[in-house]
Amino acid sequence: MQRRLEGKVAIITGAGTGIGEAIAHKFALEGASMILNGLPGDPVEDVAAAIRKAGGNAVAFLGDISQELYARKCIDLAVNTYRKLDILVNNAGVLPHFDETQDFPVDAFEYITQNNIRSVFIMTKFALPHLQKSKGNIVSAGSEAGGQGLPMSTAYGGSKAWIHAFMQGVAVEQAKYGVRANCVCPGPIDTAMTHKEHGAIDRKTEKMTVQGTPMGRRGTPEEVANIYAFIASDEASYVTGALWFVDGGSMVAKGAIGKEVPSSVKDAPASIFDLKHQQEGGRKI
């Protein structure tokens, strides 16, 4: 059976850690050739090397794609290396601080704006001419935080809501060119962002996050990557402007319903990938 991304060329931002690392491995398994982007210091080359060792095609590109120069270079690298671009995955994002709005630092807000909003706009802007040629698609990282009010992370939630609206607008605007645009919206996933040791959240929120999930556990990066692979593939050819919540039911839950889940049901599916950087990438201000 043909792999669902065979012959496709993808750019994945934030590909060195967490969900991005899982997306890279999943896309490789499905046959995509990739440019893997991360900030300087991110283990992107390590992820690319692991994919090449397994027989896949991946090239690392380090650079801040919220800046026009590096965004252009990233997209040019994909086109010059693989002669086209089919898929843009806007996965990169940050949650650098956790506090009530009146106490939220302005520099942390600006950091969120740069990395969660500006990067998505600029990468989308520069990728679209190539995606129009290939009739490709964009999949951006939304969040449950962009669909419901979450205290202590209002700026982060606002940035994700912007991405939701932006992708829906792009979907309507670009349909005439054959370009699709969608969001995958994770809930609490087992990455640095949902652990107090590695991310900005506190102990109380970490506990409440899991308790408020009907499935009673964090999702795995691989479970999120599976949805990215489907949305980016031709199997989802009639899907555009959609928000795909991968959240264990937390968007529709009320109260600490996760506490009722027996331990026998809380086990996550066995992982296919040996992810080395699942708990990395948490940036704090």
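**Figure 1. Arg-83 is an exposed loop residue with a positive phi.** In this predicted model, Arg-83 has a relative accessibility of 69%, so it counts as exposed, the cut-off being over 50%. The residue sits in the loop that links helix H3 (68-82) to strand E4 (87-90). Its phi is positive, at about 75°. Arg-83 takes this value although it is not a glycine.

**Figure 2. Met-152 also shows a positive phi.** The angle is about 75°, and Met-152 is not a glycine. Met-152 belongs to the loop between strand E5 (137-141) and H5. Helix H5 itself covers residues 154-174.

**Figure 3. Gln-174 is a buried residue of helix H5.** Helix H5 spans residues 154-174, and Gln-174 is found in it. Is Gln-174 buried or exposed? With 5% relative accessibility it counts as buried, because the cut-off is under 20%. Which residues does Gln-174 contact, once neighbours within four places in sequence are left aside? They are Leu-128, Gln-132 and Val-179. A side-chain link is also present: a polar contact of 2.9 Å connects Gln-174 with Glu-173. Lys-135 offers a view across the sequence. Gln-174 and Lys-135 are 39 residues apart along the chain. Their C-alpha atoms are 9.7 Å apart in space.

**Figure 4. Glu-30 is buried in a loop.** The loop runs between helix H1 (18-29) and strand E2 (33-38). Glu-30 has a relative accessibility of 10%, so it falls under the 20% cut-off and counts as buried. What does Glu-30 touch, not counting residues up to four places away in sequence? Its partners are Arg-3, Arg-4, Leu-5, Glu-6 and Ala-229.

**Figure 5. Arg-218 is a buried arginine between two helices in sequence.** Arg-218 lies in the loop that joins helix H6 (203-211) to helix H7 (221-232). Its relative accessibility is 19%, and it counts as buried because the cut-off is under 20%. Neighbours within four places in sequence set aside, Arg-218 is in contact with Pro-188, Ile-189, Asp-190, Thr-194, His-195, Glu-206 and Val-210. Two of these partners, Glu-206 and Val-210, carry numbers that fall in helix H6 (203-211).

**Figure 6. The whole fold gives the setting for the close-ups.** The protein has seven helices and seven strands. From the N terminus on, the elements follow the order β-α-β-α-β-α-β-α-β-α-β-α-α-β. The radius of gyration is 18 Å, close to the 19 Å from the globule rule for 285 residues, so the protein is as compact as a globular protein of that length. Along the principal axes, the C-alpha atoms fill a box of roughly 50 × 45 × 35 Å. Of the 285 residues, 51% count as buried. How do contacts spread along the sequence? Among those between residues at least 6 apart, 74% join residues at least 24 apart.

**Figure 7. Surface and charge of the protein.** The exposed area is about 12,900 Å². Carbon and sulfur atoms supply 54% of it. How many positive and negative side chains are there? The protein has 29 positive and 30 negative ones. The centres of the two sets lie 4 Å apart.

Conventions:
Residues are numbered from 1 along each chain as its sequence is written. This is a predicted model: local features need pLDDT of at least 70, side-chain atom pairs count only at pLDDT 80 or more; totals for chains, interfaces and linings use all residues. Side-chain values use heavy atoms; hydrogens and water are left out. Helices (H or I, at least four residues) and strands (E, at least two) are DSSP runs, numbered from the N terminus. The radius of gyration is taken over C-alpha atoms; the globule rule is 2.2 Å times the number of residues to the power 0.38. Buried means under 20% relative accessible area, exposed over 50%, partly exposed in between (1.4 Å probe, protein chains only). Contact means heavy atoms within 4.5 Å. Accessible areas come from the Shrake-Rupley method with a 1.4 Å probe; for residues, only the protein chains shown count as cover. Lys and Arg count as positive and Asp and Glu as negative; His and the chain ends are not counted. The place of a charge is taken as NZ of Lys, CZ of Arg, CG of Asp or CD of Glu. A polar contact is a pair of N or O atoms within 3.5 Å; within protein, one must be able to donate a hydrogen and the other to accept it, and residues adjacent in sequence count only if both atoms are side-chain atoms.
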